Amino acid sequence: MASKNKRRWYVLFTAPLLLIFTTVVLIPFLIGIYYAFFEWDGIAANPKVFVGMENFTSLLQDERFLESAWITTLFTVLSVIAINVVGLAFALLVTSKLRTSNVARTMLFMPYLIGGLILGYIWQFVFLDVFALFGEVTGLDKVFFNWLIDPQFAMYGLVFVFTWQMAGYVMIIYIAGLQGIPNEVVEASKIDGASPWQRFSRVTLPLLMPALTISLFLTLSSAFKIYDVNLSLTGGGPANSTEMFAMNIYNEIFGSGNYGLGQAKAIVFFLIVAAITLTQVYITKKREVEM
Amino acid sequence: MKFQKKSLGSLVLVLVLLLLAACGGGQEEGSTSSGEEGSANKITIFQSKVEISDQLEALAKEYTEETGVEVEVLGTTGDDYFQQLQIRLNSNQGPSIFSLQHAMEAEKLKSYVADLSAEEYVKDIAPNMELKLEDKVVGIPYGVEGFGIIYNKDLVKPEDVQDLASFRSTLENFKAQDINGFGLAQDAYFLIGHISNYPFSLQPDPTDFISKLNAGEVTMAQTPEFQEFGQFMEAIKVNTPTPLSVTYDQQIGDFASGKTAMIHQGNWAAGMLQEFEMDFEYGMLPFPLMGNDKLAVGTGNNWAINSQKEEGEIQAAKDFLNWMHTSEVGKKYIVEEFGFVPALTTIEPGELDPLSQAVSEASNSGDTIPWAQNAYPANIVPNDLTPFAQQFFSEDMTGEQFVEEFDNAWQSAQ
Amino acid sequence: MRKLFGYSKEILLVLLAIVFLSPIYIIFVNSFKDRQELYDNALSLPATFSLQYYLEAMEKMNFLSAIANSLYVTILSVVIIVVLSSMTAWMLVRTGGKLSTIIFMTFIATMLIPFQTLMMPLMQFMSSITNNLNIPMYNTREGLIFMNVGFHASLSVFLYHGFIKSIPITLEEAATIDGASKFGVFWRIIFPMLKPITATVMILNVISIWNDFLLPSLTLIDVGLRTIPLSTFYFFGEFSIQWNLAMAGLTLTIIPVIIFYALAQKHIIKGIGEGAVK
């Protein structure tokens, strides 16, 4: 009786969201997988030809795609590290008892509100004019020049801007995590004579693990899906050196009109990334429980 | 038993939710479509030229006042117009009237484009300017547009850019004076898309040449027009600052302030030029590849009608286009409000800016070369040619290598 | 010495904030300049602080109707998201088992799918729902809200899930023994404890729904239904952008979000007094 009751509550609590989620995300995703086995230009009235696994085998020979997958991986690693380090530092700063922290919290978060074409405009301007000026004044013109037109540095430019945009975002999650740490624990460690660094690494950081898991995964998924910033800042250039994965797929689907191939690419990359990240989430979750 | 209960519960929930959604939605529909009697009383327009959205809405309002037919103009950001159109058409949410850039797009959407050949005003379209698909007219051009070299009349004389030799020495002179002789911009079409037209346009039959190129029967490297085009690009690269960090705004601003003597642009740039304070006159010259003395003139956008709509709606859409191109109000809007160089001979061009004037004159006299870009493989300009051009401008590459790489970029787009 | 350390932290914060805000400064000053002035110097203060471009932008954007639509869509979407995903997350945490793990993993795995690959099948499926079940998913704000809920479910469940795990289960067990229904337990005991994470979920969802362009542009057709980001399309031309109007429009768009954020963030931060009582 009790277990039946329990099950009813389970359904009642989860079904509404699951229904909406299935309709909006899962079913379209499955339709997309279905298309991956066809050669089709993406126009409903035009013929779809079943080609089996051909799209999957041909993407392995697509050098530009492999290159783009590699660039995306590199970009993701760099920005996940940068964003989380900066975001956590911000969170620690603004939760310490300061008069300016209220205002600072708002200001550090504001970049997240600027997107799209305007973001591209501002940063192109910063890289072109402000960086050049910096280079002239400091004499470091090997470091401060227009990063966006250099195939090597354009990627760092993207990481830079993406960190600027996202650091305030993960800051919020770290703040929520820091607030969950009981004051007594921190106070106790102070009394025990722990140095600020010890307090951070031995007390705060382990207790922040749940927030860290969340932030890592969030930045990872948004770095991996990056499109807007990519488009407005470099458009994939110069010479394809910053063509991230989502842009490569978008170009394949809507640019070249290879709908099936584009979907096949999306699935392959999704499977690889999902396998890696889900293992990571699974492992860290286990560890959290044990603590 | 357990299973039944569970599925029963979720079924009830599904029904409740659907009911809720239906009620909410139903009300909405009732409130927006009140007063609507038949499908032909309302048409929708989805088009890519954002600049005329405002004016088009005003024109639509005038049409509604005159005929009672409601015309809804949808919004777009231009960039992703075609993708959005594609999605709308695929999900049966297509507009009644949409815009197409060229025959490649019409071909892709061939099951959606209505035959407009029988429309009265189609015969008045300037020769070769209509959008055709298998001998049927499927698109009415917005207007004609042209591109070439926009030059500062205080700094450049037409005889300075007659051929490769004079072009090169002019650029060298400007370089010595610390003036940018020739400005391109970083955007795909302004960097390589438009300027790459010339060696194709100068072929006796550009479309035929492109199909031979696609089939691998000819290469650019062995075609004289391309060899010389490589020399032009080298002259530009050697004598001017890199265009890769120049935005369109910057390009126009530099020209308007006299920092750049010539830019490669089209008559659409006149609008932005007028926003700057300028103290010199300017005009448009042909790009002198192989001594070419004609402007490249074509059509950027065309009106098309969605053939998958119901008969009544298609007719209503045709009536609207007809009214736009034949009534006094419609003509006035095309010329004065949209600012187009009309593509119909029955529409008098109004007072034109110097660039549109040059395009209009060239178009009327027929002294033009065609836009070969409309026959390029789909999306090749942003997808393949732009990366290649960026490579050319950022790496150590000669004019000869430029042509070889051009060949490679073209082949990789196949 | 300690005081000095405190001051240096404040100065560091102010410097950081300035670096972070300088791009926003560029947006602000250039919303007052015409193209010539913008070209001449994008960093300088404008010659005049005339509200001309703001008024023009508001008029073109049909600002009042757009803000009403944005508020309606954002508020309803976020309320539904908060209610449904907190309930779901709680159940998933408290009822371990394979099924819960699979559901949870499905939620987070889908966060890795780029929206660009979903949009075409999504629109096709929505269109078939509209046609076959006669539920107008298209061109209604309610349809958009429905899709917003689906797309933001993963992130929200993920955030709640992580937080709920840290709440001791003993509290609930006591209440259950008292005879309260699950529903009662959740809303009276659990949900109030979720306040900090609810504030976080709300902030993140409000922003992404308020600023979203792509999804509403695909689903809303009538001019009267346009949300704020949709109504700024006039400023982004085929070749060029009217920067002053676009930046004025952007400023108008983000001001409500900033106010909301400034208010909501207080709920994330434990008050100093509250900390002292503990």
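**Exercise 1. Which residue in strand 8 of chain B is the bridge partner of Gly148(B)?** Then place strand 8 among its neighbours.

*Solution.*
Step 1. This is a predicted model; local features need pLDDT (the predictor's confidence in each residue, from 0 to 100) of at least 70, side-chain atom pairs count only at pLDDT 80 or more, and totals for chains, interfaces and linings use all residues. Residues are numbered from 1 along each chain as its sequence is written, while chains are lettered from A and ligands numbered from 1 in the order in which they are written.

Step 2. Read off the partner: Gln265(B). Helices (H or I, at least four residues) and strands (E, at least two) are DSSP runs, numbered from the N terminus.

Step 3. Take the first pairing. Strand 6 (residues 145–152) of chain B runs antiparallel to strand 8 of chain B, over five bridges. Strands pair if DSSP finds at least two bridges between them.

Step 4. Take strand 7 (residues 180–183) of chain B. It runs parallel to strand 8 of chain B, with three bridges. Here Phe182(B) stands opposite Met262(B).

Step 5. Check burial. A residue is buried if 20 or more other C-beta atoms, placed from the backbone, lie within 10 Å of its own. Strand 8 (residues 260–266) of chain B is largely enclosed by the rest of the structure, because seven of its seven residues are buried.

**Exercise 2. Describe the contact between the domains of chain B.**

*Solution.*
Step 1. Set the bounds, which come from an automatic or database domain assignment. Domain 1 spans 38–144 + 299–365, and domain 2 spans 147–297 + 377–412.

Step 2. Their C-alpha centres lie 30 Å apart.

Step 3. Each domain gives twelve residues to the contact. Contact requires C-beta atoms, placed from the backbone, within 7 Å.

Step 4. On the domain 1 side, helix 14 (residues 354–365) of chain B gives the most, with seven residues.

Step 5. Sort that side: eight nonpolar, three polar and one charged. Ala, Val, Leu, Ile, Met, Phe, Trp, Tyr, Cys and Pro count as nonpolar, Asp, Glu, Lys and Arg as charged, and the others, Gly among them, as polar.

**Exercise 3. Which helix of chain C gives the most to the side that touches chain A?**

*Solution.*
Step 1. Count the contact: 71 residues from chain C and 67 from chain A.

Step 2. Helix 1 of chain C gives the most, with eleven residues.

Step 3. The chain C side divides into 51 nonpolar, 14 polar and six charged residues.

**Exercise 4. How many residues of helix 11 of chain A are buried?**

*Solution.*
Step 1. Ten of the eleven residues (245–255) are buried. Among them are Phe245(A), Tyr250(A) and Phe254(A).

Step 2. Gly257(A) follows the helix, with a positive phi near 70°.

Notes. Buried ≥ 20, exposed ≤ 12 C-beta atoms within 10 Å, placed from the backbone. Contact = placed C-beta atoms within 7 Å.
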